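Hi,

Here is the structure I promised to pass on. Have a look at it first, and my notes on the aromatic rings come after.

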Amino acid sequence: MPAPPAGVAEDAEDLTGSIPDIESLKVEWHQFLEAVARADHSVLSAHLNSCEPVSCTGRGVLTVSCCRKFSYEELQQELPALQKELAAFYRLPLNLRLVYDAEKDACTKEKTVFTLFDELSRSNSVVQFIIREFGGELIY
């Protein structure tokens with residue numbers, strides 16, 4: 001089996017060594033958001049505020065989780081511009097991968113008073129006792 005060209009193996013090792021771990025990237029995430037806002041991408045910056053970096057591979061693929069579907073869809077459309085901003089800010093050959101987190105989206109949706117009362121009557125044992133023993137109900 002022929003050996004790979006010398007430059008290919010060295011480049012792969014150099015890339016793996018130069019990519020920081022996810023914690024290092026998270027430290028500068030808010031500065032990245034500010035840099036995007038200053039670069040006339042204030043709308044993208046606002047969408048990125050609902051996102052967070054979750055992982056980074058040794059090959060430079062940064063996975064960012066979006067907890068709002070609308071933001072995820074908007075960012076997907078601007079992915080090339082975002083990748084340029086990301087690579088320029090971190091000065092690394094990073095590729096951006098966006099993922100949508102539906103569980104977080106459900107948790108962050110604004111709840112109405114009726115929804116909150118319904119959840120309270122289902123989860124709180126004191127409220128359940130009052131309803132059961134005295135025939136009460138929560139009203140707003």
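Below is what turned up around the aromatic side chains.

First, the small print: this is a predicted model, where local features need pLDDT of at least 70, side-chain atom pairs count only at pLDDT 80 or more, and totals for chains, interfaces and linings use all residues. Residues are numbered from 1 along each chain as its sequence is written, and side-chain values use heavy atoms, with hydrogens and water left out.

I paired rings of Phe, Tyr and Trp (its six-membered ring) when their centres lie within 6.5 Å; planes under 30 degrees apart are stacked, over 60 edge-to-face, and the rest tilted. That gives six aromatic pairs. One of them is W29 with F32, a tilted pair at 5.3 Å centre to centre and 40° between the planes. These two sit three residues apart in helix 3 (residues 29-38), so about one helical turn separates them. Helices here are DSSP runs of H or I, at least four residues, numbered from the N terminus.

Both rings belong to buried residues (under 20% relative accessible area; exposed is over 50%, partly exposed in between, 1.4 Å probe, protein chains only): W29 comes in at 5% and F32 at 2%.

F129 and F134 make an edge-to-face pair, with centres 6.4 Å apart and planes at 90°. Here F129 is partly exposed at 40%, while F134 is exposed at 66%.

Two more things to look at: W29, F32, F89 and Y90 form one aromatic cluster. And the charged end of K69 sits over the Y100 ring, 4.9 Å from its centre (the cut-off is NZ of Lys or CZ of Arg within 6 Å of the ring centre and within 35 degrees of the ring normal).

Cheers
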